[in-house]
Amino acid sequence: MRLSQYLITTSKEVPKEAKCISHKLMLRAGLIMRFAAGIYSYLPLGYRVLAKVTSIIEEEMNQVGAHQLLLPFVQPAELWKKSGRWGNYGEELVRFKDRKEADFVLGPTHEELITQLMKHQINSYKRLPLTVYQIQTKFRDEPRPRAGVIRTKEFLMKDAYSFCQSEKEQMTIYEKMKQAYERIFSRCLLNYRLVEADTGPIGGERSDEFIALAPLGEDRIVECEECEYVAKLEKADTGFPTSGDRCPLCKSKIRIKRGIEIGHLFWLGEKYSRSLKATFLDRMGKERYFVMGSYGIGVSRLLAAIIEQNHDEEGIIWPKEIAPFQAAIIATSPETFKVAQEIYLRLRRGGLDILWDDRDLSPGVKFNDADIIGIPFKIIIGNTFLKESKIEIKTRREKTTVKVKKDVVFQKMKELVQNAK
RNA sequence: CGGGACGUAGCGCAGUCUGGUCUAGCGCGCUUGCUUUGGGAGCAAGAGGUCGUGAGUUCAAAUCUCACCGUCCCGACCA
């Protein structure tokens, strides 16, 4: 991509609305723009990052045999009345009437719809177990959106639903999904904890949450300094502990930490299949309710969590799998413009995703832009090239530099990208 | 929804207390030209504002009063 032809607007100054690091950096790097409280659009650069995260999630979901589909965002209220959530989901549920005065909701989650879908699609145990997922915009009319993209009214979510014939089968899926989540969050370079949680308005019998550690997080967890013990603050075995209290398991000191909820697993059991009368015929020809699970990842929120844990003074430091571009090419003098172009074309032909900063600006501006955006490598063609015929490659995260000859830049870049975090 | 802060150019701010000097100013960014080119360059010339909205007080309102709208923070609530 030629930067001069791309929609990128970075900023030295921070809009005063932003208080937390990820929000500031997302605005400064020009990833998002706010239209109302908790309502954001993603600019091309932000969308690229969102797409990278999305594709990691898709890979891992497909890996565990989940099938991607797309449910409607606008949902008939009828199903919500059947499940009982029309009455008890609360004001977060946006309701409206169409021109014929029929009730609808904007989907905050999709248990009702997917259950209804499966009720019609599956009627034999031979087709089970089955897991499906979608990546889609959700709407929840939050009383107080906050911290940029961490709590918004409209957000991108991956929601998966599993349908099984028994609790035992459901347990297997639940575990597989948990492992898939662990791989997803590791690929995002997130430091997270897995804790048991409340089921909330989704309901069901148990739930587990993935919490990315971050000081601005809304969730509090209790963690032992020595042993494995970790729990949500409100579910801790010792009432309402404070830092320095004793671990209920090993009596060492515990710590309170804050974090952002990035993923949630729900053991739904028959909650929705019963209320929507979704059944299949088992081996004995007997009608049975599906045993269900649902599994969410806040995709847009993930970006904020990743930035909270991967940044420095200069800006974002994207993990290589998430970076909008793998490298930025920067020519620091007019004489090296042609060489930069040549390298850009070479690397692009080789399949690397490159941002060529071909703007007529001073080098400092280009360095700073590449840094705030968080591009993992800067390929610098300037004085060093004119003097030593060498091209420099600087690593964003480790801040190291290597110098290479022009004709091996592609090879070296492939190697660096391969080994990068 | 309770408590607090804020709203002046695309962004960051000054001016508001004590009304007139404001035909509203500064920095960044933007446009044009020339010079520059290794960590946010220099000079020159420019463009850009219903001072959140509405009503009121006054000879006179960015400035005072009231109402409303919007934004952010803390809390409650929630994924």
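**Entry 1: strand pairing around E7**

I start with a term I need: two strands count as a pair when DSSP finds at least two bridges between them. I also note that this is a predicted model.

With that in hand, I looked up strand E7, residues 130–139. How many bridges join E7 to strand E8? There are 10 bridges, and the two strands run antiparallel. Strand E8 covers residues 154–164. I picked one position to follow by eye: glutamine 134 stands opposite aspartate 159 in E8.

E7 also pairs with strand E3, residues 67–68. Here two bridges join the strands, and they run parallel. Histidine 67 has valine 132 of E7 as its bridge partner.

Is E7 mostly covered or uncovered? I found E7 mostly covered, since nine of its 10 residues are buried, which means under 20% relative accessible area. A reminder for my own reading of strands: side chains in a regular strand alternate between the two faces of the sheet.

**Entry 2: backbone oddities**

A rule of thumb to hold on to first: most residues other than glycine have a negative phi, and most peptide bonds are trans. I went looking for exceptions.

Which peptide bond is cis, with omega near 0°? I found the bond from leucine 128 to proline 129. Proline 129 lies in the loop between helix H5 (111–121) and E7, so my finger on the sequence moves straight from that loop into the strand of Entry 1.

Next came positive phi values. Glutamate 101, which is not a glycine, has phi near 70°. Glutamate 101 sits in the loop between strand E5 (94–97) and strand E6 (103–106). Is glutamate 101 buried or exposed? Its relative accessibility is 56%, and the cut-off for exposed is over 50%, so glutamate 101 counts as exposed.

Lysine 277 is another residue with a positive phi, near 55°. Its place is in the loop between helix H7 (271–275) and strand E14 (279–281). Lysine 277 is exposed too, because its relative accessible area is 58%.

**Entry 3: a five-stranded sheet**

I traced an open sheet with the strand order E20-E19-E21-E22-E23 and mixed pairing. Why is one side of E20 and of E23 left without a neighbour in the sheet? Strand E20 (354–357) and strand E23 (401–405) stand at the edges and each has a single partner strand, so one side of each has no neighbour there. From one strand to the next, the twist averages 25°.

Looking at one edge, I counted along with the listing: five bridges join strand E22 (residues 390–395) to E23, and the two run antiparallel. In that pair, glutamate 392 is bridged to lysine 403 of E23.

Which helix packs on the sheet and touches E19, E20 and E21? That is H10, whose direction makes about 175° with that of E19. Helix H12 (residues 409–419) lies across E19, E21, E22 and E23, and runs at about 150° to E23.

**Entry 4: aspartate 369**

I stayed with helix H10, residues 363–373, because aspartate 369 has its place there. Is aspartate 369 buried or exposed? Its relative accessible area is 10%, which is under the 20% cut-off, so aspartate 369 is buried.

What does aspartate 369 touch, apart from its neighbours within four places in sequence? The contacts are Thr10 and Arg359. Between the side chains of aspartate 369 and threonine 10 there is a polar contact of 2.6 Å.

**Entry 5: pockets and cavities**

The largest pocket holds about 780 Å³ of space. It is lined by 36 residues, and the closest to its centre are Arg140, Arg151, Glu261, His264 and Arg301. Strands E8, E11 (219–224), E13 (254–269) and E16 (291–298) each give two or more residues to this lining. I was pleased to meet E8 again.

How many cavities of 30 Å³ or more does the structure hold? There are two. The largest cavity has about 80 Å³ of space. Its lining includes Trp318, Phe377, Thr395 and Lys421. Phe377 belongs to strand E21 (377–381), and Thr395 to E22 (390–395).

**Entry 6: stepping back**

To finish, I looked at chain A as a whole. It has 12 helices and 23 strands. Its C-alpha trace spans about 80 × 55 × 45 Å along the principal axes. Of the 421 residues, 52% are buried. Among contacts between residues at least 6 apart in sequence, 67% join residues at least 24 apart.

Definitions and conventions: Residues are numbered from 1 along each chain as its sequence is written. Chains are lettered from A and ligands numbered from 1 in the order in which they are written. Side-chain values use heavy atoms; hydrogens and water are left out. Helices (H or I, at least four residues) and strands (E, at least two) are DSSP runs, numbered from the N terminus. Buried means under 20% relative accessible area, exposed over 50%, partly exposed in between (1.4 Å probe, protein chains only). A polar contact is a pair of N or O atoms within 3.5 Å; within protein, one must be able to donate a hydrogen and the other to accept it, and residues adjacent in sequence count only if both atoms are side-chain atoms. Contact means heavy atoms within 4.5 Å. Axes are lines fitted to C-alpha atoms, for helices over the stretch in contact, and angles run from 0 to 180 degrees between N-to-C directions. On a 1 Å grid over the protein atoms alone, a cavity is a set of points where a 1.4 Å probe fits but cannot get out, and a pocket is an open set with protein on both sides within 12 Å along at least five of seven lines; lining residues have an atom within 4 Å of a point. Grid points are joined across faces, edges and corners, and a volume is the space filled by probe spheres set on the points.
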